[in-house]
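Biologist: Please take me through a close look at one part of this model, the packing of its helices, and set that part in the context of the whole chain. I would like the reasoning behind each description to be given along the way.

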Amino acid sequence: MPSATMNAQEVRAVWTSERGSMAKETAENRWAKIIQGSIDDIGETAAAADVDCQKRAESIAIQIALKDIKKGIEQNEPLTPLRDDGKVDIQEWNKKLAAIGECSWINCPWLFGECYMYRSIQRILNSSKHWQNYDVFKRQKDASFVKSRAAVEELASRYMQIVTDTRLAQNESKEVAKKLLFIEMTEIALWGNATDLSLLANLTLEDLQNLQGREAIQKSQRNIVDNDTDDVWAYLQRTAGQASRQIDIVLDNASFEFFTDVLYAAYLLEAGISTSVRLHTKEFPWFVSDVIPSDVESLFKHLDSSECFPGREYLDQLIPRLRKFFQSGAITTTSDPFWTMPFSFHEMPSKAPALFKELQNSYLVIFKGDLNYRKLTRDGLWPHTTTYEKALGPLGKESGVKILALRTNKSDVCVGVPTQSKVDALNEEAPSGAWIRNGKYAVVSFNEGQ
Ligand code: F6P
Ligand code: MG
């Protein structure tokens with residue numbers, strides 16, 4: 001039984017063999033489906049009339065290689081070193097695998113195994129001639145965005161209202177209004193994470209719309225099991241006089257969640273909370289739905305389309321505002337190879353020291369989503385009352401990094417719950433770990449790194 005006094009190295013990371021875990025359920029039931037989805041996607045693209053015949057021929061070899069990964073998962077084969085695809089990171093993956101030792105798909109550290117699966121898909125594409133920059137998950141990302149129509153249109157309208165409120169709120173006497181706006185925008189970005197595509201397979205369109213509306217967001221506030229919003233606000237108020245206030249957002253998913261993140265970035269700028277916002281994307285397709293650089297333009301392409309979003313009244317006011325932030329450089333995007341490595345963020349100071357330094361210099365680093373949270377906490381089976389600061393390990397106490405995690409709970413790890421009686425109440429309300437897994441509960445966890 002893990003105890004709240006254990007240190008980071010003593011806490012076990014969850015393995016895919018862990019009985020009753022989300023890790024096991026994901027590895028056994030979802031990974032093969034995800035690979036099958038990418039096989040089908042490549043088949044569909046290759047079948048299009050305008051595809052070059054060499055590219056089509058190559059798609060067959062890619063599909064065979066993907067089927068091989070799928071078979072490996074279904075038959076619980078050992079994880080083997082990744083073959084060279086000309087990229088420098090392969091060595092690091094194989095070193096990490098060697099350090100873990102013998103393991104197989106359904107008996108490996110969940111974090112490593114899942115990252116390894118996405119890197120294996122990319123390895124196949126990198127080794128091809130015609131498919132190197134192909135996004136096997138683009139179709140799914142696009143389709144889900146269109147399904148979020150009602151929520152996108154509602155948020156566009158709400159945002160335009162908020163901009164007006166923000167202007168009003170710039171008057172010093174409107175402190176309370178300012179804080180309420182901050183809470184609302186933070187929660188929109190938080191619950192935007194409830195709908196990642198790797199879980200979407202199990203949600204109906206109605207479920208999706210229920211998760212996204214503004215009223216739903218208000219109702220869900222009671223489901224934030226560690227809520228440090230007041231502490232973040234206090235930090236932002238205390239430091240508002242700093243000349244440079246760059247906020248980094250380490251993004252999670254494309255489509256609807258990314259829309260909420262861009263709105264959040266725009267709000268942080270409009271409200272004068274930050275002086276610039278840097279959005280961190282992944283370098284290649286990752287965990288199905290994560291934002292890659294091409295998803296930025298894709299977001300605007302979709303928002304511009306009246307076929308996707310016919311309710312134009314507020315969107316037509318909003319889009320030029322958002323674009324302007326990108327054009328002026330107030331919002332920028334960047335990618336770092338570290339985000340698509342299998343390391344937990346406890347390894348950032350040694351594996352990506354330059355990135356770590358940049359984050360130390362940031363005014364605030366916001367990590368979106370479940371996978372980032374798993375990496376922040378080493379995917380560890382911590383007692384739920386462990387403090388967030390402690391679970392952050394080297395990124396916690398005295399790290400100098402101001403870290404805010406906005407994450408809906410979709411895995412096996414959750415820390416920062418204030419008391420054991422709260423944990424007991426959650427276990428009663430949502431038994432069998434449902435509150436850690438089903439995406440209906442969340443954390444807004446903040447640490448100042450002091
Ligand atoms: O189990 C759900 C899952 O696929 C996890 O593997 C992963 O942590 C998560 O979803 C991805 O969620 P997010 O997009 O919020 O990081
Ligand atoms: Mg994701």
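Modeller: What follows begins with the whole protein, turns to the helix pairs one after another, and ends with some loop residues.

This is a predicted model, and the protein in it has 21 helices and 7 strands. Its radius of gyration is 22 Å, which is close to the 22 Å that the globule rule gives for 450 residues, so the protein is as compact as a globular protein of that length. Along the principal axes, the C-alpha atoms occupy a box of roughly 65 × 55 × 45 Å, and buried residues account for 45% of the 450 residues. Among the contacts with a separation of 6 or more, 80% join residues that are 24 or more positions apart.

With that frame in place, the helix pairs can be taken in turn. Two packed helices are described by the angle between their axes and the distance between the axes.

The part to examine most closely is the pairing of helix 3, residues 53-74, with helix 5, residues 110-126, whose axes come within 10 Å and cross at roughly 160 degrees. An angle over 145 degrees counts as roughly antiparallel, and therefore helix 3 is roughly antiparallel to helix 5. The crossing of helix 3 with helix 5 is right-handed. From helix 3, the residues Ile62, Ala65, Leu66 and Ile69 meet Ser120, Ile121 and Ile124 of helix 5. Sorted by class, this contact of helix 3 with helix 5 comprises 6 nonpolar residues and 1 polar residue, with no charged residues.

Leu66, which lies in helix 3, gives a closer view of that contact. Leu66 counts as buried because it has 23 C-beta neighbours inside 10 Å, where 20 or more are needed. If neighbours within four places in sequence are set aside, Leu66 is in contact with Ile121 and Ile124, and also with Ile35, Ser38 and Ile39. Glu77, 11 residues from Leu66 in sequence, is 14 Å away from it in space, C-alpha to C-alpha.

Beyond helix 5, in the loop between that helix and helix 6 (138-147), one finds Gln132. Gln132 has 13 other C-beta atoms within 10 Å and is therefore partly exposed, since buried residues have 20 or more and exposed residues 12 or fewer. Apart from its neighbours within four places in sequence, Gln132 is in contact with Leu125 and Asn126. The C-alpha atoms of Gln132 and Gln122 are separated by 8.2 Å, the two residues being 10 residues apart along the chain.

A second pair is formed by helix 8, residues 175-191, and helix 13, residues 256-270, which pack with their axes 8 Å apart and at an angle of about 155 degrees. Helix 8 and helix 13 are therefore roughly antiparallel to each other, and helix 8 passes helix 13 in a left-handed crossing. On the side of helix 8 the contact involves Met185, Ile188 and Ala189, which meet Thr260, Asp261, Leu263, Tyr264 and Tyr267 in helix 13. By class, the residues of this contact of helix 8 with helix 13 are 6 nonpolar, 1 polar and 1 charged.

The third pair is helix 14 with helix 15 (residues 315-328), where the axes come within 10 Å and the crossing angle is roughly 160 degrees. Helix 14 and helix 15 are therefore also described as roughly antiparallel to each other, and their crossing is left-handed. Phe300, Leu303 and Asp304 of helix 14 make the contact with Leu315, Ile319 and Arg323 of helix 15. This contact of helix 14 with helix 15 has 4 nonpolar and 2 charged residues, and no polar ones.

Leading up to helix 14 (294-304) is a loop that starts after strand 3 (276-281), and Phe287 is found in that loop. Most residues other than glycine have a negative phi. Phe287, although not a glycine, has a positive phi of about 45 degrees. Phe287 counts as buried, because 21 C-beta neighbours lie inside 10 Å. Glu398, likewise not a glycine, has a positive phi of about 60 degrees, and its place is in the loop between helix 19 (388-391) and strand 6 (403-408). With 9 C-beta neighbours inside 10 Å, Glu398 counts as exposed, whereas Phe287 counts as buried.

Terms used
Residues are numbered from 1 along each chain as its sequence is written. Chains are lettered from A and ligands numbered from 1 in the order in which they are written. This is a predicted model: local features need pLDDT of at least 70, side-chain atom pairs count only at pLDDT 80 or more; totals for chains, interfaces and linings use all residues. Helices (H or I, at least four residues) and strands (E, at least two) are DSSP runs, numbered from the N terminus. The radius of gyration is taken over C-alpha atoms; the globule rule is 2.2 Å times the number of residues to the power 0.38. A residue is buried if 20 or more other C-beta atoms lie within 10 Å of its own, exposed if 12 or fewer, and partly exposed in between; C-beta atoms are placed from the backbone. Two residues are in contact if their C-beta atoms, placed from the backbone, lie within 7 Å. Axes are lines fitted to C-alpha atoms, for helices over the stretch in contact, and angles run from 0 to 180 degrees between N-to-C directions. Angles under 35 degrees count as roughly parallel, over 145 as roughly antiparallel, 65 to 115 as roughly perpendicular and the rest as oblique. A crossing is left-handed if the near helix is turned anticlockwise from the far one by less than a right angle, and right-handed if clockwise. Ala, Val, Leu, Ile, Met, Phe, Trp, Tyr, Cys and Pro count as nonpolar, Asp, Glu, Lys and Arg as charged, and the others, Gly among them, as polar.
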